[in-house]
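Me: I'm new to reading protein structures, and I'd like a close look at one part of this one. Please walk me slowly through its charged side chains and their surroundings.

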Amino acid sequence: MRAAVLHKTGQDTLDVREDVTAVGFGPGMVRVRMRAASLCHSDLSAMNGVLPQPAPFVPGHEGAGDVVEVGEGVRAVAPGDRVVLCWMAPCGRCAHCERGRGHLCTASLRRLGAPGFRYEEGGVAVDASGFYGTGSFADEVVVAEDAVIKVPADLPYEAAALIGCGVTTGVGAAVNTARVEPGASVAVIGAGGVGVATVQGARVCGAGRITVVDPVVSRRDRALAFGATDAIAPEDLKATAKGLPGGGYDYVFEAVGRSATVRAAYDATRRGGAVIVIGAGAQDDLAQFTMGELFFNEKRLLPSLYGGAPVPSTIALIVDLWRAGRIDLDGMITHRVALTDVNDAITQMRTGEALRTVVTLA
């Protein structure tokens with residue numbers, strides 16, 4: 001079968017091969033025929049080493065497909081079910097899961113380097129893992145039962161793929177983590193896929209003002225179509241925030257993953273407001289605050305991982321919102337490519353040309 005492989009961390013392009021096999025099927029495992037996968041910036045972060053993922057590996061973690069086979073003991077899904085991949089799979093037994101915070105479960109990270117694929121190089125078998133236990137840039141994947149979430153059959157594969165990470169992360173940050181109130185003022189730093197999903201989440205919550213902050217004019221303009229009320233360049237954020245009642249926004253979402261933009265988000269938030277950090281950043285990138293300002297300003301720092309709530313419940317909410325016409329998933333797909341052209345998708349994301357590129361897997 002076909003799969004796109006990164007042989008070494010730091011490489012810029014993927015090797016699209018036709019001699020790859022999905023491995024590991026057995027009790028508790030599910031075989032999925034992939035139908036669509038979308039490129040998320042986290043894939044690039046794994047490729048360049050910002051996010052830990054042993055190489056070689058098959059990138060891709062936003063994906064949707066059909067279950068073709070289930071191993072012994074699998075109860076959650078059956079052959080023929082349409083599913084979305086879940087890259088941070090909850091175990092259902094740890095303290096986080098028992099508290100209803102399954103999105104914080106780290107049990108699946110133990111599978112980070114587990115073989116999910118195999119191919120030959122110079123006559124020698126090579127094992128490759130799937131990014132965070134998934135690896136959606138392949139015709140087929142074998143994943144644990146807890147790494148798939150059943151979705152309705154009328155949800156298109158392409159839209160379902162987006163829900164696998166970026167949309168769930170952005171919408172969930174507004175709805176679950178921040179719990180934006182009707183009429184609130186919101187700023188979103190970063191107008192990529194997660195940022196635009198956050199805009200849509202804030203709009204669903206009834207925010208009165210939604211300002212998008214991004215250095216790229218085309219990305220700013222694009223965000224207006226998804227519910228942003230205004231869009232500004234980063235150098236204008238400070239003055240715009242000071243002109244608001246209270247001297248800042250009620251909620252500022254950081255969807256970039258850099259300490260500098262977290263600091264800018266903090267400065268643009270009013271006293272008593274909230275900074276919601278949803279960008280995936282590097283382990284050694286330190287954001288700095290003084291103890292005095294943290295105490296005096298009472299601004300809340302709220303990191304939000306994978307939507308800030310159990311992933312199945314956030315996905316179910318998003319499906320309901322999509323059915324009601326309250327969020328736009330199709331409009332977020334700006335480009336479509338075949339798996340053989342996946343490196344074009346990488347270029348489109350790096351340049352900011354694409355909001356979301358979907359890799360179609362017929």
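Reply: Let's begin with a term: a salt bridge is a side-chain nitrogen of Lys or Arg within 4 Å of a carboxyl oxygen of Asp or Glu. Please keep in mind that this is a predicted model. Side chains of opposite charge can pair when their charged atoms come close. With that rule, the count comes to 18 salt bridges.

A good one to start with is Arg263 and Asp267, whose closest N and O atoms are 2.7 Å apart. This distance falls within the 4 Å limit, so the pair qualifies as a salt bridge. Both residues belong to helix α8 (residues 259-267), where they are 4 residues apart, about one turn of the helix. It helps to know that an α-helix has 3.6 residues a turn, so residues three or four places apart point the same way. Arg263 is partly exposed, with a relative accessible area of 24%, and Asp267 is partly exposed too, at 45%. Salt bridges can also share partners: Asp15, Arg17, Asp19 and Glu121 are joined into one network in this way.

Now let's look at pairs that link distant parts of the chain. Glu69 and Arg31 form a salt bridge with an N to O distance of 3.1 Å. Glu69 sits in strand β6 (residues 62-70) and Arg31 in strand β4 (residues 29-38), so the pair connects distant parts of the chain, 38 residues apart. Glu69 is partly exposed, with a relative accessible area of 33%, whereas Arg31 has 17% and is buried.

Arg270 and Asp250 make another such pair, with their closest N and O atoms 2.5 Å apart. Here Arg270 lies in strand β16 (residues 269-277) and Asp250 in strand β15 (residues 249-254), distant parts of the chain that are 20 residues apart. Arg270 is partly exposed at 26% relative accessible area. Asp250, at 18%, counts as buried, because the cut-off for buried is under 20%.

Next comes an arginine with another story. Arg222 lies in helix α6. Although Arg222 is buried, it has no salt bridge. Why does it have none? The nearest side chain of opposite charge, Asp214, is 7.6 Å away, and a salt bridge has to be within 4 Å, so this pair does not count. The side chain of Arg222 does reach the backbone oxygen of Glu353, at 3.2 Å. Leaving aside residues up to four places away in sequence, Arg222 touches Ala191, Thr334, Gly352, Glu353, Ala354 and Leu355.

Let's step back to the helix that holds this arginine. In α6 (residues 217-224), the buried residues are Arg219, Arg220, Arg222 and Ala223. They are on the same side of α6 because they cover an arc of only 160° around the axis. Among the elements that cover these buried residues are α5 (193-205), β13 (209-213), β14 (230-232) and β18 (333-338).

To finish, here is something to trace among the strands. One open sheet has 4 strands in the order β3-β8-β9-β5, with mixed pairing. Its edges are β3 (21-22) and β5 (57-58); each has a single partner strand, so one side of each lacks a neighbour in the sheet. Strand β5 runs parallel to β9 (residues 124-130), and 2 bridges join them. You can find the place where Val58 stands opposite Gly130 of β9.

Definitions and conventions:
Residues numbered from 1 in each chain as written. Predicted model: local features only at pLDDT ≥ 70, side-chain atom pairs only at ≥ 80, totals over all residues. Heavy atoms only, no water. Buried < 20%, exposed > 50% of the residue type's maximum accessible area, 1.4 Å probe, protein only. Arc of directions from axis to C-beta. Contact = heavy atoms within 4.5 Å. Pairing = 2+ DSSP bridges. Lys, Arg positive; Asp, Glu negative; His and termini not counted. Polar contact = N/O pair within 3.5 Å; in protein donor to acceptor, adjacent residues only side chain to side chain.
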